[in-house]
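Welcome! Take a look at the sequence and the structure, then try the exercises that follow.

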Amino acid sequence: MNRNLILLFSIFTVNTVQANNDNSIGVDLGYGSIKNDISSGILNGTSNNDDMATINIFYRYMVNTSYGVELGYRNSFGGFGSMLTSDFKGVRDLEFYGPKINFYSEKSINNLVGIYGKLGINYYTTEYVLNNEKKEISYSELGTEASLGINLSFDGLGFGIEYNYILSESLNSGSILLSSRFKF
């Protein structure tokens, strides 16, 4: 009898979780700009402006239909322009990556479209090579980030576009991200 009750409770719980679609996993692909401060070598005290490509993966848990928490990992690296000009600049192979956590809020306009915002913190490692000195630089720091976007939702799938801004002591970056996610 107890075994049947546990089985029945388990089936009911799984169906409830699936029906609420509280969990999402997804990926963002984007392109944008980056400015980082150079803190070493003969370029110390200057800044580097470049373009970058971005890949994010994330897990989101919705506490209710409007608010949630998002855990993710970001990797941003030199874009097309920086690949073409890196030999002529002071910095090449610029990359930053690491974990992030965001507070997520969404307002549905209708059953298909919603607008959302994110506000969070990150812990990114920035790496680059100083061209003149052939010296690799790497450091990690806490930063903040904010995003604003539009979602399209279909049954278990979602697609979106967002603007993301990152700010830390020695790095700031703005990018446009295309997002896809699966709700479960």
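**Exercise 1: An unusual backbone angle**

Locate Asp-155 and describe its setting and its phi.

Solution. Start with the place: Asp-155 sits in the loop between β6 and β7 (157-168), where strands (E, at least two residues) are DSSP runs, numbered from the N terminus. Next comes the angle: phi of Asp-155 is near 30°, a positive value in a residue other than glycine. Most residues other than glycine have a negative phi. Finally, Asp-155 counts as exposed, because its relative accessibility is 80% (exposed is over 50% relative accessible area, buried under 20%, partly exposed in between, with a 1.4 Å probe and protein chains only).

This is a predicted model: local features need pLDDT of at least 70, side-chain atom pairs count only at pLDDT 80 or more, and totals for chains, interfaces and linings use all residues. Residues are numbered from 1 along each chain as its sequence is written, and side-chain values use heavy atoms, leaving out hydrogens and water.

**Exercise 2: The nonpolar core**

How many residues does the largest nonpolar core have, and which strands each supply at least two of them?

Solution. First, a nonpolar core is a set of buried Ala, Val, Leu, Ile, Met, Phe, Trp, Tyr and Cys residues joined through side-chain atoms within 4.5 Å. The largest one has 12 residues, among them Ile-34, Met-52, Phe-96, Tyr-128 and Leu-171. Then the strands: β4 (91-108), β5 (113-130) and β6 (135-154) each supply at least two residues of this core. In soluble globular proteins, nonpolar side chains tend to be buried together.

Methods: Helix = DSSP H or I, 4+ residues; strand = E, 2+ residues; numbered from the N terminus.
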